[in-house]
Amino acid sequence: MRIFRRKKNIGLAFGGGAVLGAAHIGVLKAIEEFNIPISYIAGTSIGAIISAFYAFGKNWEEMAILLKGLNWLDISRISLSQFGRLSNKKLGKLITDNLGDVTFDEACIPLAMIATDITSGEKVVLKSGNVAAAVMASSCIPGIFIPVEIDNRLLVDGELVENVPVTPLKDMGANFIISVDLFGKLKQKKPENIIEVLFKSFHIALETATKLQTEESDILIRPDLSPFNTFSVEQTDALIEIGYKEAKKIFTEKNIFSRAFL
């Protein structure tokens, strides 16, 4: 195994995609295998969940165990709110149960998440305060989950404004960025449930913006996840393996060692 010898500030951006986010864990497996030092990490939606765990020291194997058997209904509860049918407070509990009631400044790796202010439509970069609340906001599917209130702003899923969060990494000081786009190679496929209808809508609306955002990446990983849906957790192992194989292939083809450090 080769060891990096020159210091670069590497940023890692994990995009949204519901259950498809298990592929991020495979990417982390490859990152650990290639011994790539991550200086900053950012995530949107499911990417925010994975980013939080990694920033606080969880390795890919621990995350694989946590995500198996987990789906969007497991991390929600029925609500009577006028803003959504479900609450994702259980997701916040998942974070606190595994990481503690932590704040961003306690992370081992500087961390940022993307959410959307549903009132103004503005992008909100979350990188201070309570981590569990930020994860809930970044992964709050509008119309399904109740918006999360932080600093008097009603926040929902960050996929609406920046699905693959490259810009926060650049602002944090990253000068070499690895991005993971879960929707980049998805082929046309009939949605199977309301969650897939919503994510498909997000993807169609944001496809061009995502392509422009990820152009600033030094390494872009786009695994072909077309055989999978965004809802079934039975796919977790297969998604991890595809993420791992694609990342390993890209790291080798792009000669990440010389590009990042020579």
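In which sense, right-handed or left-handed, does helix α1 cross helix α2? In this predicted model, α1 passes α2 in a right-handed crossing. The two helices, α1 spanning residues 22-33 and α2 spanning residues 46-55, pack with their axes 10 Å apart and at an angle of about 35 degrees. On the α1 side, the contact is made by His 24, Ile 25, Leu 28, Ile 31 and Glu 32, which meet Gly 47, Ile 50 and Tyr 54 of α2. By character, the residues of this contact comprise five nonpolar, two polar and one charged.

These helices belong to a chain of 262 residues, of which 57% are buried. Its secondary structure comprises nine helices and eleven strands. Of the contacts between residues at least 6 apart in sequence, 76% join residues at least 24 apart.

Strand β5 offers a view of the interior. It covers residues 111-117, and seven of its seven residues are buried, so the strand is largely enclosed by the rest of the structure. The burial applies to both faces of β5. Leu 111, Met 113, Ala 115 and Asp 117 lie on one side, while Ala 112, Ile 114 and Thr 116 lie on the other, and every one of these residues is buried.

The pairing of β5 with other strands can be followed partner by partner. With strand β2 (residues 40-44), β5 pairs in the parallel sense over four bridges. Within this pairing, Ala 42 has Ala 112 of β5 as its bridge partner. Strand β6 (residues 123-126) runs antiparallel to β5, and four bridges join them. Here Ile 114 finds its bridge partner in Val 125 of β6. The connection between β5 and β6 is a hairpin with five residues between the strands, and in its turn Gly 121 has a positive phi of about 80 degrees. Strand β9 (residues 153-157) also pairs with β5, in the antiparallel sense and over three bridges. In that pairing Thr 116 of β5 stands opposite Val 156 of β9.

Helix α8 (residues 236-253) leads back towards the region of α1. Thr 236 is located in this helix. Its relative accessibility is 5%, and the cut-off for burial is under 20%, so Thr 236 counts as buried. Apart from its neighbours within four places in sequence, Thr 236 is in contact with Ala 22, Leu 67 and Lys 68.

Another residue of α8 takes part in an aromatic pair. How many such pairs are there? The count comes to one aromatic pair. Its members are Phe 34 and Phe 251, whose ring centres are 5.4 Å apart and whose planes meet at 65 degrees; the pair is therefore edge-to-face. Phe 34 is in the loop between α1 and β2, whereas Phe 251 is in helix α8, so placed that the pair links distant parts of the chain, 217 residues apart. Are these two aromatic residues buried or exposed? Phe 34 counts as buried because its relative accessibility is 11%. Phe 251 is buried as well, with a relative accessible area of 0%.

Technical notes
Residues are numbered from 1 along each chain as its sequence is written. This is a predicted model: local features need pLDDT of at least 70, side-chain atom pairs count only at pLDDT 80 or more; totals for chains, interfaces and linings use all residues. Side-chain values use heavy atoms; hydrogens and water are left out. Buried means under 20% relative accessible area, exposed over 50%, partly exposed in between (1.4 Å probe, protein chains only). Two strands pair if DSSP finds at least two bridges between them. Axes are lines fitted to C-alpha atoms, for helices over the stretch in contact, and angles run from 0 to 180 degrees between N-to-C directions. A crossing is left-handed if the near helix is turned anticlockwise from the far one by less than a right angle, and right-handed if clockwise. Contact means heavy atoms within 4.5 Å. Ala, Val, Leu, Ile, Met, Phe, Trp, Tyr, Cys and Pro count as nonpolar, Asp, Glu, Lys and Arg as charged, and the others, Gly among them, as polar. Rings of Phe, Tyr and Trp (its six-membered ring) pair if their centres lie within 6.5 Å; planes under 30 degrees apart count as stacked, over 60 as edge-to-face and the rest as tilted.
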